[in-house]
Amino acid sequence: MHFYAYGINYQQAPIDLREQVHFKETQIIDGLNGLLDGGLKEVVILSTCNRSELYLLGDLPDAHPWINDYVEGFFHVSGLLPYSSFYEDEEALLHLFKVTSGMSSLLVGEDQILGQVKEAWQTAMDVGSSGKVLNRFFREAIAEAKSVKTRGLSSHVPTSLSYVGVKGIHDELPLKDVPALVIGMGKMGALAMEHLLEFGAKVSITNRTHLNSLKRQRDFPQVEVLPYEELAQYLADFPVIVSATSSPHHTVRAEDLPLREEEIYLLDLSMPRDMDPELGKREHVHLWDIDALEEISRKNSRKKAETLEQFLPEMEEKTRELMSWFAQADLTEVMQTVNDHCEQVALDTLEYIFRKTELSHSQKMKVSKIVHSALKKVAREPVLYILNGDENREEKRRALKLIGEAYEQ
């Protein structure tokens, strides 16, 4: 059994490609079930604005191309392999630790990724695709991330793409009393709204589900709620527009925003993108999408990256410990298969002996103990021989797998 991590993320793939393989909430359950149907033992899917990653437990002969083919088939795309990342076993586990802690994020040390990993794991548990092994892996990765953030990232300055984007606008256009519109009241949109308010902007909000906007307004009565259905009619009234929805289509289209001589600042925090990229080619229009925030994020992240790097040896040690436990979990599974088989052989053998002989109850008990003990010894010896041998871990796993398969026949 192996642990795999496959991903399409901002480090290898451009935003045009990432948009095509972004798992929407409604697709994640189908993705999990499809992978289980394909023979994987356990699966977690993490899909954010910067990465779509699959964490899998199974035994695949050509794991990287197999998983890549599945993703291409799921999204009806091709050519993903050169843009994908792939890790196996200890490297995959270390990758999970680094992702969860924010070490691998576009904005190093960001606050949101930990919550996103928790949600991905919870969804997998709800579906039943995360079991004993992935539950342990994710629980330990989340605990380590919390510890790292507490010890290493004690700054109270917000660390999120929402903050970086809003701060970037504020640096060019001081937001005090500036009208700003936020489209979408999910977590990212709500964060953007709060940051705009902190910088003194006059914020209006809109959401496809009107009730969600009203709920936000109860907590922030200073914001104005606008009807989503009339979005195109009032877009031109705002010099600052932020969009963070889960819509599969553009919420801000080029034809909805008339040409203007005043500067307008657009912040697209969505994946797939909410704002028509053509808008960014216009004069007086400043458009930031997820990738456009990368340079700003890189500058702000260097110090935090150095801080997080000091925890890397600790993470490496924890992953080694977990992989040792994982190897024992493999052994436990094999031994259970062997013991189940031996138990059935013992029962069949004893049933035959007792049918052909006339033994007292005490004699039957002695014979039963002898038969069970002999069978367990015969079954246990080859397993112990493999575990105590000089072969590397991979060779031992293959040998144990063959024993398990033999006893399943």
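## Largest cavity and the α2–α5 contact

Twelve residues would be too many to list here, but of the 12 that line the largest cavity, Thr48, Cys49, Asn50, Glu110 and Gln116 lie nearest its centre, a lining residue being one with an atom within 4 Å of a point of the cavity, which is itself a set of points on a 1 Å grid over the protein atoms alone where a 1.4 Å probe fits but cannot get out. This is a predicted model, in which local features need pLDDT of at least 70 and side-chain atom pairs count only at pLDDT 80 or more, whereas totals for chains, interfaces and linings use all residues. Residues are numbered from 1 along each chain as its sequence is written, and side-chain values use heavy atoms, with hydrogens and water left out.

The whole structure holds 3 cavities of 30 Å³ or more, and the largest has about 90 Å³ of space. Helix α5 (residues 112–127; a DSSP run of H or I of at least four residues) gives the largest share of its lining, 3 residues.

Helix α5 also meets α2 (residues 25–37): their axes, lines fitted to C-alpha atoms over the stretch in contact, come within 11 Å and cross at roughly 60 degrees. The two helices are therefore oblique to each other, and the crossing is right-handed. In this contact (heavy atoms within 4.5 Å), Ile28, Ile29, Leu32 and Asn33 of α2 meet Thr123, Ala124 and Val127 of α5.

| Residue set | Nonpolar | Polar | Charged |
|---|---|---|---|
| Lining of the largest cavity | 5 residues | 5 residues | 2 residues |
| Contact of α2 with α5 | 5 residues | 2 residues | no residues |

Conventions
On a 1 Å grid over the protein atoms alone, a cavity is a set of points where a 1.4 Å probe fits but cannot get out, and a pocket is an open set with protein on both sides within 12 Å along at least five of seven lines; lining residues have an atom within 4 Å of a point. Grid points are joined across faces, edges and corners, and a volume is the space filled by probe spheres set on the points. Ala, Val, Leu, Ile, Met, Phe, Trp, Tyr, Cys and Pro count as nonpolar, Asp, Glu, Lys and Arg as charged, and the others, Gly among them, as polar. Axes are lines fitted to C-alpha atoms, for helices over the stretch in contact, and angles run from 0 to 180 degrees between N-to-C directions. Angles under 35 degrees count as roughly parallel, over 145 as roughly antiparallel, 65 to 115 as roughly perpendicular and the rest as oblique. A crossing is left-handed if the near helix is turned anticlockwise from the far one by less than a right angle, and right-handed if clockwise.
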